[in-house]
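Biologist: I am new to this structure and would like a close look at one part. Please take me through the spaces inside the protein and the residues around them.

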Amino acid sequence: MFKSCLRLSSLLLATSLALPAAALEVKVLSAVVKDEKIADAKITWQRNGESSVSATSTANGVASASSTLADDNDTTMIIDKAGYSTLVVKCPCDGFTYALSPVMQNLDGLRVVLTWGSTPSDLDSHLTYPANHVFYVKKQGRDANLDVDDTNSYGPETITIEQKHNGERYVYAVHDYSNHSSKTSKALGNSSARVQVYVGQTLIRTYNVKPQQTASSWVVFGIDENGAFHDIDQYLSLNREGLASHLNSLISAESFESHSLITDAIKKEAKRINTRGEKLYGEKKLEEAMYAFQDAVNLYPSFGQAYSNLGLTYQKLNRTAEALWANRKAIELASGNSKARVQASSYYNIARIYEASGRWQDALDNFRKAKSLREHSAYDSGITRMQEKLNQQ
């Protein structure tokens with residue numbers, strides 16, 4: 001049986017013993033259509049110093065290849081198909097199922113994909129925002145919906161936000177429905193659950209459940225009024241009604257509270273990865289640099305320099321929605337003597353993105369935010385252009 005799992009690069013910190021070289025086989029499914037197999041996806045296994053191995057998924061979504069590569073953490077697998085976000089994962093890979101997310105076109109949309117292991121059988125995704133709660137009972141909310149609801153292990157279970165609204169908060173959580181009445185269950189913590197967030201054509205964040213947690217609810221992340229992500233990573237023993245009440249309290253609270261513990265060792269590793277990304281960027285290896293910067297922020301979510309580097313890289317790669325996300329996070333993390341300058345520049349970058357897409361009012365709002373922080377002729381020119389565009393409507 002295939003084990004369902006979406007995994008991204010160096011977030012998998014647990015080590016594994018190298019397995020003997022053998023045939024590799026994976027299964028590829030859609031993240032948004034239940035049980036839909038993905039054919040003609042290109043799968044490539046790579047390992048430093050060795051020749052890569054490739055295969056293509058068949059009509060039943062299965063790809064297999066004879067390989068001399070060891071199926072361990074030093075082997076990387078890339079799954080690529082036109083119209084879908086490229087998935088890059090660290091092995092072991094053999095026998096796993098991977099879900100591909102279609103590219104999102106909306107600048108302010110995002111997709112959240114939950115996968116887990118064989119137990120418990122039923123984990124549920126919950127998305128709460130003002131006057132809305134999207135989950136298996138109510139699959140459709142305002143500009144958001146539950147695409148896939150899985151009740152038989154593995155997932156994927158997917159929520160798509162078609163249009164995120166400025167000035168509103170969002171909170172995403174996972175609930176162990178199978179053990180919802182237990183106050184002592186560790187099934188959620190031991191489920192190998194992982195949550196991955198897609199913006200545009202890019203997997204931007206990956207969250208992994210912490211093992212051995214006594215909890216039936218995992219509050220994973222929040223999105224603030226300005227669109228910046230906040231890692232919450234909170235574990236609670238709550239039934240469905242209790243979870244709903246708690247999520248609403250986070251929506252109305254003064255600020256999101258982080259429960260993540262980032263050690264000095266993790267920060268050091270994230271900085272090492274960021275430096276490697278900067279070297280790749282200087283060599284114009286933009287996609288490789290992007291993956292490195294993503295690895296850095298997955299390890300250290302408050303790493304402002306890595307977010308700044310990501311924003312530049314996304315812009316170079318013409319990944320507009322992703323650049324919006326990175327600039328918003330840079331605004332949130334800005335501090336010290338350069339805070340106003342960094343925030344003003346980021347608001348300006350956001351305004352130019354909206355201007356290029358013809359969203360004049362959104363562009364005007366962000367040009368004005370930039371000017372409120374710092375005087376610059378480019379901000380004045382942007383305000384004038386947007387006012388003229390709006391007057392022509």
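Modeller: What follows describes the enclosed cavities, and then an open pocket.

This is a predicted model, in which local features need pLDDT of at least 70 and side-chain atom pairs count only at pLDDT 80 or more, while totals for chains, interfaces and linings use all residues. Residues are numbered from 1 along each chain as its sequence is written, and side-chain values use heavy atoms, with hydrogens and water left out.

The structure holds two cavities of 30 Å³ or more, a cavity being a set of points, on a 1 Å grid over the protein atoms alone, where a 1.4 Å probe fits but cannot get out. Grid points are joined across faces, edges and corners, and a volume is the space filled by probe spheres set on the points.

The largest cavity has a volume of about 90 Å³, and among its lining residues (those with an atom within 4 Å of a point) are L107, D108, K164, V199, F229 and W325. Helix α5, residues 320-333, gives the most to this lining, with three residues; helices (H or I, at least four residues) and strands (E, at least two) are DSSP runs, numbered from the N terminus. By class, the lining of the largest cavity has seven nonpolar, two polar and three charged residues, where Ala, Val, Leu, Ile, Met, Phe, Trp, Tyr, Cys and Pro count as nonpolar, Asp, Glu, Lys and Arg as charged, and the others, Gly among them, as polar.

The second largest cavity holds about 50 Å³ of space, and of the 10 residues that line it, T86, T202, L203, Y291 and Q294 are the closest to its centre. The elements that give two or more residues to this lining are β7, β17 (202-208) and α3, and by class it has five nonpolar, four polar and one charged residues.

Turning from cavities to a pocket, which is an open set with protein on both sides within 12 Å along at least five of seven lines, the second largest pocket has a volume of about 620 Å³. Of the 20 residues that line this pocket, Q46, T76, V88, K90 and R276 are the closest to its centre. The elements that each supply at least two residues of the pocket lining include β7 (87-90) and α3 (286-299), and these two elements also give two or more residues to the lining of the second largest cavity. In the pocket lining, six residues are nonpolar, five are polar and nine are charged.
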